[in-house]
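User: Please take a close look at one helix in this model. Then go on to the pocket and to any unusual backbone angles.

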Amino acid sequence: MSDKLPQAVEQLIDATNAGNIDAFLDGFTSDGIVDDWGREFSGHAAIRGWSDGEFLGKQVTLAVDDAADDGAETTVHAQVGGNGFNGPSTFVFTTAGDKVSRMTIRA
């Protein structure tokens, strides 16, 4: 992937590209949050429901164009592919130890 990506972020991107929901969920803290354009999904069950309908359930792939890590957050610019939204998106990941506590998706 990229030397700029923390392991927790790389795990989520790899799980996304592999379509592996269990590895994707395992990458989040138990109280992790996905913020998809202002709609928040908290905890593994809610994230799974969102992902089944809008993310991994749509065979999303992420091709990383650029990434920057400032220690507190990692910002990833990626081209989204799959059977839903396609195009550029920005993902901001907040990590807590070896897990992601928040994934924010914007344009």
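Analyst: What follows covers the helix, then the pocket, then two loop residues.

The model is predicted. Start with helix α1, which runs over residues 7-18. This helix has 12 residues. From its first C-alpha to its last it reaches 16 Å. That is close to the 16 Å expected at 1.5 Å a residue.

Which residues of α1 are buried? They are A8, V9, L12, I13, A15 and T16. These residues cover an arc of only 160° around the axis, so they sit on the same side of α1. The general rule is simple: an α-helix has 3.6 residues a turn, so residues three or four places apart point the same way.

The opposite face looks as follows. Turned away from the buried side of α1, it carries the exposed residues Q7 and A18. Exposed here means over 50% relative accessible area, and buried means under 20%.

What covers the buried residues of α1? The cover includes one helix, α2 (21-26). It also includes the strands β1, β3, β4 (73-81), β5 and β6 (99-106). After α1 comes G19. The phi of G19 is positive, near 70°.

Now the largest pocket. Its volume is about 220 Å³. The lining consists of D36, W37, W50, E54, F55, V60, V80, G84, F85, S89, F91 and I105. By type, the lining residues divide into eight nonpolar, two polar and two charged. Two elements each supply at least two residues of this lining: α3 and β5 (87-96).

One lining residue, W37, deserves a separate look. Its phi is positive, about 55°, although W37 is not a glycine. Where does W37 lie? Its place is in the loop between β1 (28-36) and β2 (39-42). W37 counts as exposed because its relative accessibility is 52%, and the cut-off for exposed is over 50%.

Q59 is another residue with a positive phi, near 55°, and Q59 is not a glycine. Q59 lies in the loop between α3 (44-54) and β3 (61-69). Is Q59 exposed or partly exposed? At 46% relative accessibility, Q59 counts as partly exposed.

To recap, the buried residues of α1 share one side of the helix. Q7 and A18 are on the face turned away from that side. W37 combines a positive phi with a place in the lining of the largest pocket.

Definitions and conventions: Residues are numbered from 1 along each chain as its sequence is written. This is a predicted model: local features need pLDDT of at least 70, side-chain atom pairs count only at pLDDT 80 or more; totals for chains, interfaces and linings use all residues. Side-chain values use heavy atoms; hydrogens and water are left out. Helices (H or I, at least four residues) and strands (E, at least two) are DSSP runs, numbered from the N terminus. Buried means under 20% relative accessible area, exposed over 50%, partly exposed in between (1.4 Å probe, protein chains only). On a 1 Å grid over the protein atoms alone, a cavity is a set of points where a 1.4 Å probe fits but cannot get out, and a pocket is an open set with protein on both sides within 12 Å along at least five of seven lines; lining residues have an atom within 4 Å of a point. Grid points are joined across faces, edges and corners, and a volume is the space filled by probe spheres set on the points. Ala, Val, Leu, Ile, Met, Phe, Trp, Tyr, Cys and Pro count as nonpolar, Asp, Glu, Lys and Arg as charged, and the others, Gly among them, as polar. The expected span of a helix is 1.5 Å times one less than its number of residues. The arc is that of the directions from the helix axis to the C-beta atoms. Contact means heavy atoms within 4.5 Å.
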